2 protein chains.
Amino acid sequence: MAETTHMADTAAPRLTDRVKDGLNRMIVDAGMRPGDKLPPADQLCQQFSVSRTVVREAIASLKAEGRLRSLRGSGVYVSEPPKPVGGSMFMEAPQDIGEVLDFIEFRMSVEIEAAGLAAERRTETNLLRMEQAMSQFARHLEDNTLATDADRSFHRAIADATNNKRFRLFVDEMGERLIPRRALGASFTDEKDKAEFLENIQSEHRRIFEAITDRRADDARAAMRQHLEGGRRRYREWSLAHDGA
Amino acid sequence: MAETTHMADTAAPRLTDRVKDGLNRMIVDAGMRPGDKLPPADQLCQQFSVSRTVVREAIASLKAEGRLRSLRGSGVYVSEPPKPVGGSMFMEAPQDIGEVLDFIEFRMSVEIEAAGLAAERRTETNLLRMEQAMSQFARHLEDNTLATDADRSFHRAIADATNNKRFRLFVDEMGERLIPRRALGASFTDEKDKAEFLENIQSEHRRIFEAITDRRADDARAAMRQHLEGGRRRYREWSLAHDGA
DNA sequence: TCTCCAAAGTTGTATGAAAGATTTTGCCAT
DNA sequence: ATGGCAAAATCTTTCATACAACTTTGGAGA
């Protein structure tokens, strides 16, 4: 009963779109390279039998897509193929040890500030989450996978406490890319060394937690910095020991 | 002395681009959701003091980017943001004022630490780049596009000085997403206010630069923090003042 | 109350004109 | 011829106006 007048489900034929496609084909068919000049607008109007308005809007669209660029008084030119929209190089996984260290350093900058902000803004619920993560960590000292999960939960709880979505997203995605799920203490041969290692982490976590609880922002930053610097140092030493290069 | 006449060093200020930025800000700052209707074209013409041609081209650009969608006879509507592929949510462009402020805060955490690392690691070449950026900034106080470029160059030079690829990548990509070219001071009506605004930025840059030059890492962090906090405050005040809701 | 239709509102397209900027052309002095 | 300089031609950008196509709205009439 609604087939009368209410909605045009089929896209209305827009001249601008036709011309846009036409221009794209013209570029491809004529084998135009970046830097080549398009015919002047008036000529395109005649060629497509449309007004300048239409041609101009089609060109504006292609400019927005990075396909064309125009120089006032000179002409419209084909531009380099648009940027790799595939996504941020920035978030790509590190490719070698040096890049891993770079990424760890970057992570530090984020999490240090996150700790400071968390100290200023944390709610009781946030503190509860951190405590849960810490006790979970203590409960699973023997299980690398679960301990790693608990460690992530702790850092994520801090990111949450910033009340800033961006920090939470970063910690989540970075964790996936940077820290394999069984990494924490997975390479110890001596059980005693491993226990000491994990207890160190635990006490560092506790210092961070206490600073956040007491709303001491600068102490929270300092504690987080020390915590992550320790992690970086441990990774560097480990990679040196395990890398023949 | 390359002030001759052969090279178009100055990017031509195109009205269409200004309106495009203006529309983007209008959408974000007014908290418009997908499906909301934009004011009619004629009203936008009056609001931006431009002809309908310009408004239509700006809209055409935003349509090409998938940000808007227009229905003939009805109006122009904000469209559902195109679902980005499996990429990182984290690096996505902020969608409303709150998210912009979140992103600014996140950026602070990165750049503050970058300033500290830069102070420890900067080379003479790094310092030279920063000086170039500052003098470029001073030289183009009237041109929003060029001043914004210079500002980006300065921050990028600092990121470079960390000798950590990740910082450089972040600053580059964040700049593209968060700071439209020609944004710096683009919304001042009083020329005197704008000049004061830009000179403030300049002197903040100088303080950061001096701390980095003298390898005073903590001072560099503090100066950068103050610089970015100023920017955040200015944005917040501006967005409050320009939100007629 | 429901249906239908006309008027108002909005986007799409066309056209003419002027302004801003670049490239080419033509001329003059050397 | 040659180099430089100014005018002309070319081209993009912007403005203003008009009309066509389509949607929405509100009221008249059943």
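Two residues are in contact if their C-beta atoms, placed from the backbone, lie within 7 Å. Keep that in mind for what follows. This is a predicted model.

**Where the chains meet**

Start with chains A and B. In this model, 33 residues of chain A are in contact with 33 residues of chain B. Three helices of chain A give two or more residues each to the side that touches chain B: H3 (52-64), H4 (97-121) and H7 (165-178). H4(A) gives the most, with 11 residues. Sorted by class, this side of chain A has 15 nonpolar, 6 polar and 12 charged residues.

**The fold of chain A**

Now look at chain A by itself. Chain A has 9 helices and 2 strands. From the N terminus on, its elements run α-α-α-β-β-α-α-α-α-α-α. Chain A has 245 residues, and 33% of them count as buried. Consider next the contacts in chain A between residues at least 6 apart in sequence. Of these, 63% join residues at least 24 apart.

**The surface near DNA strand D**

Which residues come nearest to DNA strand D? There are 21 residues around the strand, and the nearest are A:Ala41, A:Ser70, B:Leu15, B:Ser51 and B:Gly73. Elements from chains A and B contribute here. Strand S2 (75-78) of chain A gives two or more residues to this surface, and so do helices H1 (15-29) and H3 (52-64) of chain B. H3(B) gives the most, with 3 residues. By class, the surface near DNA strand D has 8 nonpolar, 8 polar and 5 charged residues.

The two surfaces can be set out by class.

| Surface | Nonpolar | Polar | Charged |
|---|---|---|---|
| Side of chain A that touches chain B | 15 residues | 6 residues | 12 residues |
| Surface near DNA strand D | 8 residues | 8 residues | 5 residues |

**Two residues with positive phi**

Two loop residues of chain B deserve a look. B:Ser49 is not a glycine, yet its phi is positive, at about 60°. B:Ser49 sits in the loop between helix H2 (41-48) and H3 of chain B. Is B:Ser49 buried or exposed? B:Ser49 counts as exposed because it has 9 C-beta neighbours inside 10 Å, and the cut-off for exposed is 12 or fewer.

B:Asn163 also has a positive phi of about 60°, although it is not a glycine. Its place is the loop between helix H6 (144-161) and helix H7 (165-178) of chain B. B:Asn163 has 17 other C-beta atoms within 10 Å, so this residue is partly exposed.

Technical notes:
Residues are numbered from 1 along each chain as its sequence is written. Chains are lettered from A and ligands numbered from 1 in the order in which they are written. This is a predicted model: local features need pLDDT of at least 70, side-chain atom pairs count only at pLDDT 80 or more; totals for chains, interfaces and linings use all residues. Helices (H or I, at least four residues) and strands (E, at least two) are DSSP runs, numbered from the N terminus. Ala, Val, Leu, Ile, Met, Phe, Trp, Tyr, Cys and Pro count as nonpolar, Asp, Glu, Lys and Arg as charged, and the others, Gly among them, as polar. A residue is near a molecule or strand if its C-beta atom, placed from the backbone, lies within 6 Å of it. A residue is buried if 20 or more other C-beta atoms lie within 10 Å of its own, exposed if 12 or fewer, and partly exposed in between; C-beta atoms are placed from the backbone.
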